[in-house]
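Please open the model in your viewer and keep the sequence panel beside it, since each stop on this tour begins with a selection. The tour goes from cysteines to cores and then to empty spaces.

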Amino acid sequence: IGLTAAAAAAEKEENVSVVSCDVAIVGGGYAGMAAAYYLTTHHGLSVRVLEATNTTGGRTKNWDTALHTPDVASDDVVELGGQWLANRTVQPHSWRLVVEELGFEVFEAGYTPGDGRSVIYTSDGRHNFTDLVDAFHRLPGDVQRELRGAAEVLEGLQATVDLESPQTSPRAREWDSMTFETWINSTVRLQESRTVLNILCTTMVAQSPSVVSFLHILFYIRAAGGLGNLVVAEQQYRVRLGTQAPPLFIAGQINEHRPQGSRVHLSSPVREIEQDARGVTLRVGSDARPESQSHRRLEVHAKYAIVTGAPPTTGLGIRYTPPLPYDKRQLFQRLPMGNSVKFTAVYPRPFWRSEGWSGTILASAPPFHRQSDNNNTNLLSNCFDNSPQSGITGVLLCFLEGDTSVTLMQRPHSERVELVTDWLAKTFGPDAKSEAIEFVDFNWAAQEYIGGAYSSFFPPGVWGQFGHALRSPFGRIYWAGADYAYDGFGYINGAIDSASRAVKAIVEKIR
């Protein structure tokens, strides 16, 4: 679209650059870059992507274990954020884009055990196991019976949840009025059974069941296609060159052969979005950080906008003119982020493999007790071999999730290293402490434009009061991301699906 009189006036302003396009996209994560790819490649429309940080990828981040560098694509990387894809049946949207259209290779590397012995710590000791079914059978018999009953109930209830409008499900009011913890405590009586269900919750939403709506848990399970997908199928493949590689690739593709300048603007936080009957105007605040591409302010004029990213950040961190509808703003005020940190220990080689271990450690009880770790607050429930495909280094990864993440990330890095390596050494011997060459624990909650991981979650009452406003467009502004998904809420698959839905709606308007 051509520059309006207002745009021409803005361009005369000192240090303001004005550009125009068909669709402006806020955020360069999987949703934003997928939307940019579909709009340009499938529909021939022009885009501008405005990314607040200095790289694309959103809540994915590669770490090259050989170069000790983030945000690169190589066979030597591990992922500090989102990591896995499932097969085409379970996650069709991510598989089609990443594997079939962009041509990335994947390799089997789920956190379910591979070759070698795996270990689970339960209340009655340490046990070796071969796969997750075998691990379940290592739990005490009464715990198994309680968990089977709980799983059957969860599967039955989640099947009744409406994916598009969870708040309209038959028992939505009842389920949304309670926390997942309330349901757990009324369903199972054994502490170890409760611990396992607590782990299920933190694995899903990276937050304690004491603050998450039971309706949201059922919706999350439904959006994944059932408990079986959540536990096994969703974590099946890793992307060669790292999961951040596809967004990096799309950014390069969009910018390629563009003599008029970049279409993907990094270090460009959007401060304001104004819309009227003719289009939308996005204003980017100057970013004086060293990595900023320019200290000039940018103003983008477009027919439509797609806003991606975490709702608390892009929903509340941007000024909208006219203001957001009250229900959407109220919703965004009530969607906190989870807390998950992947603690990565890097070694010169995967020494555990030569000793017959798979690298997988599961726990429903800690292998040792500390006075400061009452109530399993710092239980590291799952660790596994996450070595890069090249084999240049060995990597053991432990998840710090929910209360564990909140507690440990307030402690000095050295204390976290001690706790995790003590845990690893209990299983794999002293080499787990003495042979490590690097420890990386990237804190997503400390990132200004993200604020946590894996995704936002719904506390009790929020689905019922304001869930209807989650995905609704606001004039010429559409929303996309893992936090807005129907199919695969919280996953890369969901981010891509939501992007394709927003693109379809906008293309229908433009055409």
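Begin by selecting the cysteines: the structure holds one disulfide, the term being used for a pair of cysteine sulfur atoms within 2.5 Å. This is a predicted model, in which local features need pLDDT of at least 70 and side-chain atom pairs count only at pLDDT 80 or more, while totals for chains, interfaces and linings use all residues. Residues are numbered from 1 along each chain as its sequence is written, and side-chain values use heavy atoms, with hydrogens and water left out.

Show Cys383 and Cys398 as sticks, and you will find them joined by the disulfide, with an S to S distance of 2.1 Å. The link of Cys383 and Cys398 is right-handed, with 110° about the S-S bond. Distant parts of the chain are linked by this pair, for Cys383 lies in strand 18 (residues 382-385) and Cys398 in strand 19 (residues 394-401), 15 residues apart; helices (H or I, at least four residues) and strands (E, at least two) are DSSP runs, numbered from the N terminus. Cys383 is buried, with a relative accessible area of 1%, and Cys398 is likewise buried, at 0% relative accessibility, where buried means under 20% relative accessible area, exposed over 50%, and partly exposed in between (1.4 Å probe, protein chains only).

Next, select Cys201, which is buried at 0% relative accessibility. Why does the sulfur of Cys201 form no bond with the closest cysteine sulfur? The closest cysteine sulfur, in Cys383, is 19 Å away, and this is too far for a bond.

Move on to the nonpolar cores, each a set of buried Ala, Val, Leu, Ile, Met, Phe, Trp, Tyr and Cys residues joined through side-chain atoms within 4.5 Å. In the largest core, which has 70 residues, select Trp183, Phe214, Ile273 and Leu282, the residues with the most contacts inside it. Colouring helix 9 (residues 214-224) shows where the largest share of this core comes from, namely nine residues. A second, separate core has 41 residues, among them Met33, Tyr237, Val239 and Tyr478.

Now centre on Ile273 and display its contacts (heavy atoms within 4.5 Å). Leaving aside residues up to four places away in sequence, Ile273 touches Val26, Thr281, Leu282, Val307, Ile318, Arg319, Tyr320, Thr321 and Ile477.

For the empty spaces, a 1 Å grid is laid over the protein atoms alone: a cavity is a set of points where a 1.4 Å probe fits but cannot get out, a pocket is an open set with protein on both sides within 12 Å along at least five of seven lines, and lining residues have an atom within 4 Å of a point. Grid points are joined across faces, edges and corners, and a volume is the space filled by probe spheres set on the points.

Select Leu132, Phe136, Val196, Leu200 and Val231, which lie nearest the centre of the second largest pocket among its 31 lining residues. This pocket has a volume of about 930 Å³, and helix 8 gives the most to its lining, with six residues.

Finally, there are two cavities of 30 Å³ or more, and the second largest cavity has a volume of about 40 Å³. To see its lining, select residues including Ser74, Asp75, Phe107, Arg238 and Gln389; strand 5 (77-79) and strand 10 (237-239) are the elements that give two or more residues to this lining.
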